[in-house]
Amino acid sequence: MTTQEETTISAVISILVENESGVLARVIGLFSGRGYNIESLTVAPVEESRHQSRINIVTSGTPQVIEQIKAQVGRLVPVYRVADLTALGPHVAREMALVKVVSSGEARTEALRIAEAFRARAVDTTATSFIFELTGATDKLDSFIDLMRPLGLAEVSRTGVAAIIRGPRTI
């Protein structure tokens, strides 16, 4: 039987930082220097007037490791706030993917049927290929991609997780 300290959990960590050159490199350097894995990474400006960007990182580790990550990232300059959305409670996390499927005949028809069921949108179509756009939770995208493999999956490009806490709270 494993204890809570030995249990690996996944965490969505949001970091509000100064939008300046080198900040992302410092955050990523902290992860790589300590052997922490990054499963997903997104970064974009969120407050133009304050020159702030938001970094969303999905990582995994024991609860103690997640706490260490938050503490170490919080000490970096110029980090304003660090929040573990997973620990804060209900949050919305979404990802977007472009999925290219090259197929013909029945496989092509089946790919379209599955795409419709997943509410994926065909954003490009040729006589032998589709590019589908799909937005949703990571497991939804994973399932869609797995179903497209036998139908001619050729290429995948994913954005990484964008996440925000539900309700009136902010990070």
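Is T42 buried or exposed? The answer comes in the legend on this residue, after two views of the whole predicted model.

**View 1. The predicted model as a whole, with its helices and strands.** In this predicted model, the secondary structure of the protein comes to five helices and nine strands, and, read from the N terminus on, these elements follow the order β-α-β-β-α-β-α-β-α-β-β-α-β-β. The C-alpha trace spans about 55 × 50 × 35 Å when it is laid along its principal axes. Of the 171 residues of the protein, 36% count as buried. When contacts between residues at least 6 apart in sequence are considered, 72% of them join residues that are at least 24 apart.

**View 2. The place where domain 1 and domain 2 touch.** The domain assignment of the protein gives domain 1, with residues 9-89, and domain 2, with residues 92-165. Eleven residues from domain 1 and seven residues from domain 2 take part in the contact, while the C-alpha centres of the two domains lie 28 Å apart. The size of an interface is often given as the accessible area lost when the parts come together. Between domain 1 and domain 2 the buried area is about 590 Å², and carbon and sulfur atoms give 64% of this area. On the side of domain 1 that touches domain 2, the elements that give two or more residues are strand 1 (9-18), strand 2 (38-47), strand 3 (52-61) and helix 3 (85-88). The residues on this side of domain 1 divide into five nonpolar, five polar and one charged. How many salt bridges are counted between domain 1 and domain 2? The count is zero, although three residue pairs are found in polar contact across the interface of domain 1 and domain 2.

**View 3. T42 and the residues around it.** T42 is found in strand 2, and the opening question can now be answered: T42 counts as buried because its relative accessible area is 15%, which is under the cut-off of 20%. Leaving aside residues up to four places away in sequence, T42 touches R54, I55 and N56, and also T159, G160, V161 and A162. One of these neighbours, V161, has its backbone oxygen 2.8 Å from a polar atom of the side chain of T42.

**View 4. A salt bridge within helix 2, between E67 and K70.** By the rule used here, the count for the model comes to eight salt bridges, and one of them joins E67 to K70, with the closest N and O atoms 2.9 Å apart. Both E67 and K70 lie in helix 2 (residues 63-74), where they are three residues apart, about one turn of the helix. Which partner is buried, and which is partly exposed? E67 is partly exposed, with a relative accessible area of 45%, whereas K70 is buried, with a relative accessible area of 17%.

**View 5. A salt bridge between two strands, from R158 to E95.** R158 forms a salt bridge with E95, and the closest N and O atoms of this pair are 2.9 Å apart. R158 lies in strand 8 (residues 153-158) and E95 in strand 5 (residues 91-102), so the pair ties together parts that are 63 residues apart in sequence. R158 is partly exposed, with a relative accessible area of 31%, but E95 counts as buried, at 7% relative accessibility.

**View 6. The surroundings of E95 in strand 5.** E95, which is found in strand 5, is linked with D142 and R158 in a network of salt bridges. In addition, a polar contact of 2.9 Å joins the side chain of E95 to that of T138. Not counting residues up to four places away in sequence, E95 touches L134, T135, G136, T138, L141, R158, T159, G160 and V161.

**View 7. The pair R149 and D146.** In this last view, the side chains of R149 and D146 meet in a salt bridge, with a distance of 3.4 Å from N to O. D146 is partly exposed, with a relative accessible area of 46%.

Definitions and conventions: Residues are numbered from 1 along each chain as its sequence is written. This is a predicted model: local features need pLDDT of at least 70, side-chain atom pairs count only at pLDDT 80 or more; totals for chains, interfaces and linings use all residues. Side-chain values use heavy atoms; hydrogens and water are left out. Domain bounds come from an automatic or database domain assignment. Contact means heavy atoms within 4.5 Å. Buried area is the accessible area (1.4 Å probe) that two parts lose on being put together, summed over both. A salt bridge is a side-chain nitrogen of Lys or Arg within 4 Å of a carboxyl oxygen of Asp or Glu. A polar contact is a pair of N or O atoms within 3.5 Å; within protein, one must be able to donate a hydrogen and the other to accept it, and residues adjacent in sequence count only if both atoms are side-chain atoms. Helices (H or I, at least four residues) and strands (E, at least two) are DSSP runs, numbered from the N terminus. Ala, Val, Leu, Ile, Met, Phe, Trp, Tyr, Cys and Pro count as nonpolar, Asp, Glu, Lys and Arg as charged, and the others, Gly among them, as polar. Buried means under 20% relative accessible area, exposed over 50%, partly exposed in between (1.4 Å probe, protein chains only).
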